[in-house]
Amino acid sequence: SRARDSMERAIRLAEDISEICEDTRLVIVNAEQIAPVVKRPRRTFVQAERELELGSLEEGEYLFRLAKKQANEICEWWEKAETAISEAKRLLREQKGQEIKSLESLLSEATTNLDNENPKQAYECALSIPIQLSSVEGNAEIAIHAIGSAKKKLKETDGLDLNLWNKNLLRAESALEMGDYSLA
């Protein structure tokens, strides 16, 4: 009786796996059409087929589900990530300065995530760049205003030794030129 129950479960699992396999195959084909360079979902799928051939139904089912999850992520996030990365590259191309280097590093991380077939992470990294860039631009405006205000105050000051203040002003202007707005 136990053997019969076990056999029935194995047969039902095999039928379920064949449905999961076919469904996964369709999602992978769709993912490969969206991003022909992706390989991970197909490799996982092939590994699942090998597990089935070796008789490990549970491991095969797990790997089919994993391959489907990987392919679904490609389908949902790949184009969004490519668009966000392109937009971030365009925005950063127009910028220069010290604070932009950290954003360029973030862009590099987004590109690496996309190359590693993690499009959702790539999208999230690239999407944060325009937001951070607006913060950098805000810091630049604040720094320009602060330096202008300091110059004005120093011109209005009479009878004080301004050497230290003038040195600090020169350092601030130099930092502004280098794009280090926080220091400026």
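K151 touches L169 and E173, once you leave out residues up to four places away in sequence; "contact" here means heavy atoms within 4.5 Å. K151 sits in helix α5. The C-alpha atoms of K151 and L169 are 7.6 Å apart, although 18 residues separate the two along the chain. With a relative accessible area of 35%, K151 is partly exposed. The cut-offs go like this: buried is under 20% relative accessible area, exposed is over 50%, and partly exposed is in between, using a 1.4 Å probe and protein chains only. Helices are DSSP runs of H or I with at least four residues, strands are E runs of at least two, and both are numbered from the N terminus.

A word on where this comes from: this is a predicted model, where local features need pLDDT of at least 70 and side-chain atom pairs count only at pLDDT 80 or more, while totals for chains, interfaces and linings use all residues. Residues are numbered from 1 along each chain as its sequence is written, and side-chain values use heavy atoms, with hydrogens and water left out.

**The cores**

Which residues touch the most other members of the largest nonpolar core? They are F64, I85 and L92, in a core of 38 residues. Helices α1, α2, α3, α4 (98–115) and α5 (119–156) are the elements that each give two or more residues to this core. Helix α3 gives the most, with 12 residues. A second, separate core has 5 residues, including I147, L162, L169 and A172. By a nonpolar core we mean a set of buried Ala, Val, Leu, Ile, Met, Phe, Trp, Tyr and Cys residues joined through side-chain atoms within 4.5 Å. In soluble globular proteins, nonpolar side chains tend to be buried together.

Let's zoom in on F64. Leaving aside neighbours within four places in sequence, F64 is in contact with I17, I20, C21, T24, F45, A48, E49 and L52. One of those partners, T24, is in helix α1. T24 is buried, with a relative accessible area of 0%. With the same sort of neighbours left out (those within four places in sequence), T24 is in contact with F45, F64, A67 and K68.

**Helix α2**

Now for helix α2, whose 14 residues should span 20 Å at 1.5 Å a residue; its end C-alpha atoms are 20 Å apart, which agrees. The expected span is 1.5 Å times one less than the number of residues. The buried residues of α2 are P41, T44, F45 and A48. These residues cover an arc of only 105 degrees around the axis, which puts them on the same side of α2. That arc is taken from the directions from the helix axis to the C-beta atoms. The face turned away from the buried side of α2 carries the exposed residues R43 and E53. After α2 comes G55, whose phi is positive, near 95 degrees.

**Salt bridges**

How many salt bridges does a search of the whole structure find? The search turns up 6. A salt bridge is a side-chain nitrogen of Lys or Arg within 4 Å of a carboxyl oxygen of Asp or Glu. Here are some of them:

| Pair | N to O distance |
|---|---|
| E22 and R25 | 3.4 Å |
| E32 and R42 | 2.9 Å |
| E61 and R65 | 3.0 Å |

The E32 and R42 pair links distant parts of the chain, with E32 in helix α1 and R42 in helix α2 (residues 40–53), 10 residues apart. E32 counts as partly exposed at 24% relative accessibility, and R42 does too, at 27%.

E22 and R25 both lie in helix α1 (residues 2–34), 3 residues apart, about one turn of the helix. E61 and R65 both lie in helix α3 (residues 57–93), 4 residues apart, again about one turn. An α-helix has 3.6 residues a turn, so residues three or four places apart point the same way. E22 is partly exposed at 38%, R25 is partly exposed at 29%, and R65 is partly exposed at 46%. E22, R25 and E49 are also linked in a network of salt bridges.

**Cysteines**

What about disulfides, meaning pairs of cysteine sulfur atoms within 2.5 Å? The whole structure has 0 of them. For C21, the closest cysteine sulfur is in C75, 16 Å away, so a bond is out of reach. C21 is buried at 11% relative accessibility, and C125 is buried at 12%.

Note on methods. Disulfide = S-S within 2.5 Å.
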